[in-house]
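Work through the three exercises below with the sequence and the structure at hand. Try each task before reading its solution.

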Amino acid sequence: MADDTQLLKRSRYAVAAVFCVHGSVTGSFATRVPWIQDHAHLSPGELGLALAFPAIGAALMMPLAARISHRFGTRTALRGLLALWTLALILPSFAPGLLTLCAALLVYGGTSGMADVAMNALGVEVEHRLKKSIMSGLHGMWSLGALIGSAVGTIAAHADLSAQVHHVIAAVVLTVLGAVVCQFVLNIHPSDDEEPPARFALPPRSALLIGAVGFCAVFAEGASLDWSAVYLRDILDSSAGVAAGATTGFALTMAIARLTGDAVVDRFGAVRTVRLSGVIAVAGGILVVLAPNAVAAMIGFGLIGIGVAVVVPLAFVAAARSGSNASQAIAGVATITYASGLVAPSIIGGIAQASNLTVSFIVVTALAAALAFFAPVLRTRPATRTTA
C-alpha cells in the first residue's frame with residue numbers, strides 16, 4: 001500500500017511537470033506573435049486567419065489521442081505526443097508568408113490538442129486513484145509553465161533575439177524535459193478485451209450550458225494570451241519588450257489564481273466564485289479598453305487572468321455531476337472550452353480587421369459579463385472530500 005501511494009505521488013508530480021512543459025510551449029509562442037506577424041508580413045486580419053488553424057488542427061487530431069493511449073499505453077503515448085508538441089513550436093517562426101504559417105499552425109494545433117487530451121486524461125486517472133482533487137493544481141502548473149515560457153519570450157523579445165533562434169532553443173530544452181518527466185507517469189494499458197474509445201463524445205444536453213460558461217472563460221483567456229502583446233504594440237505604441245510583458249503579466253495572474261483557487265472555492269462555493277470572477281474579468285476588460293497607457297492595460301489583462309482562471313476546472317466538476325455519464329460530459333465540455341480558446345484569437349483578429357483591437361476587447365468584456373450572469377449553471381451537489 002505504501003509503495004502504491006508513493007507511486008501515485010510520484011506520478012502526480014510528473015503529470016504536474018508535463019502540464020508545466022505544455023504551458024511553456026504556449027507561453028513561448030504567444031510572446032513572439034508580433035515577431036511572427038512582422039516576419040510573415042501579415043495584416044491583423046491575415047494573422048487572425050492564420051490563428052484559426054490551430055483550432056482546425058486540434059479539432060482534427062484531438063479524437064486520436066485516446067486511441068493512441070489505448071494502443072501504446074499512457075506513458076509511451078504521452079511521451080510521444082508531448083515531444084511532437086514541443087518540437088512543433090519551431091515551425092511558425094520559420095513561415096515566410098500566410099500559407100506556410102497556416103500550415104505550420106495546423107500542425108502546431110494538432111499536436112497541442114493531442115498532448116492536451118492525453119495529459120488531462122492521465123491527470124483525471126491519478127486524481128481518481130488518489131481520491132482527492134488535484135486538477136486545479138495541475139491547471140495551475142500549466143499556467144506557471146505559460147508564465148515561464150512568456151517570461152523567457154519577453155527577455156528574448158527585449159534582447160531583439162529572433163523568434164527562430166528563441167523557439168529552436170526552447171523546443172530542444174522542453175523536448176528533453178518532457179521526455180524525462182514522462183518516465184515517471186503512470187503506465188496504464190487497457191485490458192485485452194477493452195474496446196477502443198469512441199472517436200468523438202457529444203456532451204449531454206445537461207452539460208451544454210456548462211460548456212457555454214467554459215466557452216466564455218476560455219475565449220477571454222485565448223484572446224488575451226495571443227493578442228495582449230499585439231494590443232500594447234498597436235493600440236498603445238509600446239516597445240516589443242513592454243508589449244511581451246503584457247502576456248507575462250496575464251500568465252502570472254492566471255498561475256497565481258489557479259494555484260490558490262481551491263481555497264476560494266471552498267470558502268465561497270462554485271457559483272459565488274464564478275460570479276466574483278466574472279465581475280473581476282469585466283473590470284479588467286473595461287480597463288484594457290479605456291487604458292491610457294501600457295501600465296493600465298497590463299493591469300487590465302492581469303484582472304482578466306484572475307477572473308477567468310478557475311472557471312474551467314469548476315466547469316469540469318459541474319459537468320461530471322450533470323448527467324449519468326461523467327466522462328462523456330467532461331469530454332464534451334472540454335471539447336467546447338478548448339475549441340473556444342483555439343478559435344478566439346482568429347475571431348479577435350477578424351473583428352480587429354473590420355474595426356480595431358479595442359472593439360475586439362469590448363467583445364471579450366461582454367463575454368466576461370456572461371460568466372457572472374450564467375454562474376448558477378455551475379451549481380453542484382456538495383461533494384464529500386476525501387484524502388489519500
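**Exercise 1.** Find where Asp 160 is placed, and decide whether Asp 160 counts as buried or exposed.

*Solution.*
- Step 1: In this predicted model, Asp 160 sits in the loop between helix H8 (135-158) and helix H9 (163-181).
- Step 2: Exposed means over 50% relative accessible area. Asp 160 has 69% relative accessibility, so Asp 160 counts as exposed.
- Step 3: Look at the backbone. Most residues other than glycine have a negative phi. Asp 160 is not a glycine, yet its phi is positive, about 60°.

**Exercise 2.** Describe Asp 237 in the same steps, then name a core residue that touches Asp 237.

*Solution.*
- Step 1: Asp 237 belongs to the loop between H10 and helix H11 (240-268).
- Step 2: Its phi is positive, about 55°, although Asp 237 is not a glycine.
- Step 3: With 69% relative accessibility, Asp 237 counts as exposed.
- Step 4: Leu 232 touches Asp 237; among its other contacts are Val 242, Met 298 and Phe 301.
- Step 5: Leu 232 and Phe 301 touch the most other members of the largest nonpolar core, which has 108 residues. Helix H10 (residues 208-235) gives the most to this core, 14 residues.

**Exercise 3.** Which residues make the nonpolar surface patch of about 500 Å², and how does Val 180 count by accessibility?

*Solution.*
- Step 1: The patch is made by Phe 94, Val 168, Val 172, Val 176, Val 180 and Phe 184.
- Step 2: Val 180 is part of helix H9.
- Step 3: Its relative accessibility is 46%, so Val 180 counts as partly exposed.

How values were computed
Residues numbered from 1 in each chain as written. Predicted model: local features only at pLDDT ≥ 70, side-chain atom pairs only at ≥ 80, totals over all residues. Heavy atoms only, no water. Core = buried A, V, L, I, M, F, W, Y, C linked by side-chain atoms within 4.5 Å. Buried < 20%, exposed > 50% of the residue type's maximum accessible area, 1.4 Å probe, protein only. Helix = DSSP H or I, 4+ residues; strand = E, 2+ residues; numbered from the N terminus. Contact = heavy atoms within 4.5 Å. Patch = residues over 30% accessible without salt bridge, like charges linked within 9 Å, V, L, I, M, F, W, Y side chains within 5 Å. Areas by Shrake-Rupley, 256 points an atom, 1.4 Å probe, with all protein chains shown as cover. Salt bridge = Lys/Arg side-chain N within 4 Å of Asp/Glu carboxyl O. Lists of a residue's contacts leave out its neighbours within four places in sequence.
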